[in-house]
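Grab a pencil and open the viewer. Below are some exercises for you to try, each with a solution that goes step by step.

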Protein chains: 2
Amino acid sequence: MKIYKGHLLFTPTRNEFRVIENGYVAVSDGRIVGVSSQLNHFDCTNAELIDLGDRLVIPAMCDMHVHAPQYRNQGVCMDYELLTWLNTYTFPEEEKFADTTYAERIYRRFVHALWRMGTMRAAVFATIHGDSTRILMRLFQEAGMGALVGKVDMDRNCPDALCETVDEAIIANEALIAEYSDPNALVRPIITPRFVPSCTPAMLHACGQLAQRHNLPVQSHLSENRDEIALVRKLEPTSTCYGDAYNRYGLFGQTPTLMAHCVYSTDEEIELMRQGGVMAVHCPTSNLNIASGMSPVRTLLDRGVRVSLGSDISGGHDLSMFRVMVYALQVSKLASVTLGVKPQLTLPEVFWCATKSAGSFFGRLGSFEPGYEFDALVIDDSDLNFDHYTLLQRLERFIYLGDDRHIVHRYCRGMEVPEPKLSHDE
Amino acid sequence: MKIYKGHLLFTPTRNEFRVIENGYVAVSDGRIVGVSSQLNHFDCTNAELIDLGDRLVIPAMCDMHVHAPQYRNQGVCMDYELLTWLNTYTFPEEEKFADTTYAERIYRRFVHALWRMGTMRAAVFATIHGDSTRILMRLFQEAGMGALVGKVDMDRNCPDALCETVDEAIIANEALIAEYSDPNALVRPIITPRFVPSCTPAMLHACGQLAQRHNLPVQSHLSENRDEIALVRKLEPTSTCYGDAYNRYGLFGQTPTLMAHCVYSTDEEIELMRQGGVMAVHCPTSNLNIASGMSPVRTLLDRGVRVSLGSDISGGHDLSMFRVMVYALQVSKLASVTLGVKPQLTLPEVFWCATKSAGSFFGRLGSFEPGYEFDALVIDDSDLNFDHYTLLQRLERFIYLGDDRHIVHRYCRGMEVPEPKLSHDE
């Protein structure tokens, strides 16, 4: 057993932080045995005590919507809205991932960047290419970081080079599923129809069958952009809403489901999400950069929908989930002033979204509670802490002002995660 | 004469970047002699060539609205709107600046942080305290960085400890003005009535007189928040708009004037700004954090109003003007989707706002043109530049993803600016 001593901050509920100054968290076999302000709370026989001093210890970050092959386009190409942006910048970049050498080079950088920002779990879109997707899964596994990795499925409204048949998609998925069949592994497949505009009914149906046959989770996009929603209405005229177009194919809560964006979800769609336990992934940076709009997160939470956060590279520009939290707060404030969506989100709420709420999609992690996997970051904020700040203010300042330099240790499932290699040679 | 060789990127107009790959900029006596893609364009007798290699060379940043005494509150205390926020967090912090020891400690950190972020010119609010303001001016001078520093004037709706008489305010201002009387100095006073709610008509009148008597610029706040505007309407019932309440006291273009925010400026107010050459300072981070709203920057530009950018610490949370540019783009995109303010701002426009447009308030700087002061940053983006990016994409990625680690040289008025000291001892 290992016992870590430091200032513990986490969100057992979304209403407030639990703060334990000079607290102790005991970890055995990757899981938390207990948390206490007193060392003598634990049976310390054979326990190793790791004193982290004046540092902050917080749950590690979960990024619930991110496109690994768009890593090269991070911070560029954000001058169009969704559909034009996809065709102009995103699809041409994704085509390059037919080349596994290119894929490995970019994916190594991507995994390294997640590590740097303290993201220890992610739900990731790859491309349609099975071989490149396999490389990404291996890189996560080698890094010791948790990921749900989706080979993307699409068969309409996309360039020929990114178009596949339903059979091709199923075969490639089945191969990856067979290779990554341990349900307890850190790296797992996730069924990933890109979104309704890119998938024929046959593809959507096949994806739903695949997910249910293997009891695998599903991820896709939902109600992100007005033009996209109009297109879905045209493509799926008998669906009562965008979410219903997934639901009728078994892709909306029949197995655990992530839906990114939900900017314009109607009351009906929100109710469908609640009923199916579908988790909304709020991506505020992306929704700003490609001019999608403001997701009414307060409404989603109030109606009982599960909510997490995503960086959505490269619609989003920042892989730091701390920055994504800041944007979630800011967009919520703007939505309260301009759209009347009140009250504003709070810091514990967005922190909870990126940790405990998101973590519930992987199992039990994202909080420091008995039985939870120990996914944690150790923050050395000494340069930010130059005055008399409370522990909560120190965390807030790190979230708003800090960067990778402040993250001095990263743990995933109880193991310290060393810096992943950027290339074979390094 | 010194000749710097590198990739030059700047905005002579707001419509597009000028990009000179492996270009040369020649500097003499702090000013730019010329810019060329050919070395033989210059008479190189007695010239020193400084080869900056594959680095980007760009104009240094100008932060046109920032509160130095709020540096301690950066990244915390953003859960209220303007008026409550001022009374709850900001005024109590500013009261501490009666203590010059505290002031010097915080102001050293503030100047250091500006330096770190590549901001070589700033328009700064201090507090009402003359002695502390004097320290801030000295620290800028010692650092070799340009600043317009304002002793804040206020005499109503503020705590007793921050309330002064008109006579006290004038005496303190006159003393600073006498000490910093060289019109060509890097550090200059700026007349700073806090805002209409904090200043009686007598104070506003005295500030206007002071500015005109000494031909000094003016800075204040304008139409930031709906409650604030309602309060101004009550306090100045005969003014036709908030801007008019400044204008009638000689504080709206009678001398060069900066007005921060302009979120809710009416057509009349915008026209008053245009006529007076009043420069709007757009502070998008602050407008999000304390839930003010979205400034219609496109409308201001279209109507011929001068526009610059401000970090507005601590309503804003980020001192990087590069991040402020990103937020300006994002808010503009959201304003186009939700309010119909179109077209969206572009990258060259926001860059121009933070460099050449802002620079025009100080004289001639913020661009690489003959006769302009050489204020520049050298950017080593090699870790961001891992693929085939154009020079413009490299700049864009630095703006979206870069940080102080990428800024390897800083120049102000032709002199390289070394790292300022954080304390007497260091």
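The exercises go from confidence and domains to sheets, the chain pair and a few backbone details.

Before you start: this is a predicted model, where local features need pLDDT of at least 70, side-chain atom pairs count only at pLDDT 80 or more, and totals for chains, interfaces and linings use all residues. Residues are numbered from 1 along each chain as its sequence is written, while chains are lettered from A and ligands numbered from 1 in the order in which they are written.

**Exercise 1. Find out what confidence the predictor gives chain A and the complex.**

Step 1: Start with pLDDT, the predictor's confidence in each residue, from 0 to 100. Chain A averages 97, and 99% of the residues score at least 70.

Step 2: Now take the complex, which gets an ipTM of 0.97 and a pTM of 0.98 from the predictor.

**Exercise 2. Split chain A into domains and describe how they touch.**

Step 1: Mark the pieces. Domain 1 of chain A takes 2-60 + 366-416, and domain 2 takes 61-359 (the bounds come from an automatic or database domain assignment).

Step 2: Look at the spacing: the C-alpha centres of the two domains of chain A are 29 Å apart.

Step 3: Count the contact, where two residues touch if their C-beta atoms, placed from the backbone, lie within 7 Å. Domain 1 of chain A gives 22 residues and domain 2 of chain A gives 24 residues.

Step 4: Name the elements. Helices (H or I, at least four residues) and strands (E, at least two) are DSSP runs, numbered from the N terminus. On the domain 1 side, helix 13 (391-401) and strand 16 (407-412) of chain A each give two or more residues.

Step 5: Sort that domain 1 side of chain A by class: ten nonpolar, five polar and seven charged residues. Here Ala, Val, Leu, Ile, Met, Phe, Trp, Tyr, Cys and Pro count as nonpolar, Asp, Glu, Lys and Arg as charged, and the others, Gly among them, as polar.

**Exercise 3. Trace the seven-stranded sheet of chain A.**

Step 1: Write down the order. This open sheet of chain A runs 3-2-1-4-15-16-17, with mixed pairing (two strands pair if DSSP finds at least two bridges between them).

Step 2: Check the ends. Strand 3 (31-36) and strand 17 (415-416) of chain A each have a single partner strand, so one side of each has no neighbour in the sheet.

Step 3: Zoom in on one pair: strand 1 (residues 2-10) and strand 4 (residues 48-59) of chain A are parallel, with six bridges. In strand 4 of chain A, Leu49(A) is the bridge partner of Ile3(A).

Step 4: Add the helix. Helix 13 of chain A lies across strand 1, strand 2 (18-28), strand 4 and strand 15 (376-379), at about 65 degrees to strand 4. For such angles, axes are lines fitted to C-alpha atoms, for helices over the stretch in contact, and angles run from 0 to 180 degrees between N-to-C directions.

**Exercise 4. Do the same for the sheet of four strands in chain A.**

Step 1: The order is 11-12-13-14 in chain A, an open sheet with parallel pairing.

Step 2: The edge strands of chain A are strand 11 (218-222) and strand 14 (306-309), each pairing on one side only.

Step 3: In the pair of strand 12 (residues 257-261) and strand 13 (residues 279-282) of chain A, you'll find three bridges. Met259(A) stands opposite Ala280(A) of strand 13.

Step 4: Helix 12 (residues 347-359) of chain A packs on this sheet, touching strand 13 and strand 14, and its direction makes about 105 degrees with that of strand 14.

**Exercise 5. Work out how chain B relates to chain A and where they meet.**

Step 1: Superpose the copies by least squares on the C-alpha atoms of residues with pLDDT of at least 70 in both. A turn of 180 degrees and a shift of 0.0 Å along the axis lay chain B on chain A with an RMSD of 0.0 Å. The two copies are thus related as by a two-fold rotation axis.

Step 2: Among the residues of chain B, Thr338(B) comes closest to that axis, at 4.3 Å (C-alpha).

Step 3: At the interface, 26 residues of chain B are in contact with 26 residues of chain A. Helix 11 of chain B gives the largest share of its side, six residues.

Step 4: Compare the two sides: 100% of the interface residues of chain B are also interface residues in chain A, so the copies meet through the same surface.

**Exercise 6. Find the unusual backbone spots.**

Step 1: Recall the rule: most residues other than glycine have a negative phi, and most peptide bonds are trans.

Step 2: Lys342(A) and Pro343(A) are joined by a cis peptide bond, with omega about -10 degrees. Pro343(A) is in the loop between helix 11 (321-338) and helix 12 of chain A.

Step 3: Asn215(A) has a positive phi, near 50 degrees, and lies in the loop between helix 5 (201-214) and strand 11 of chain A.
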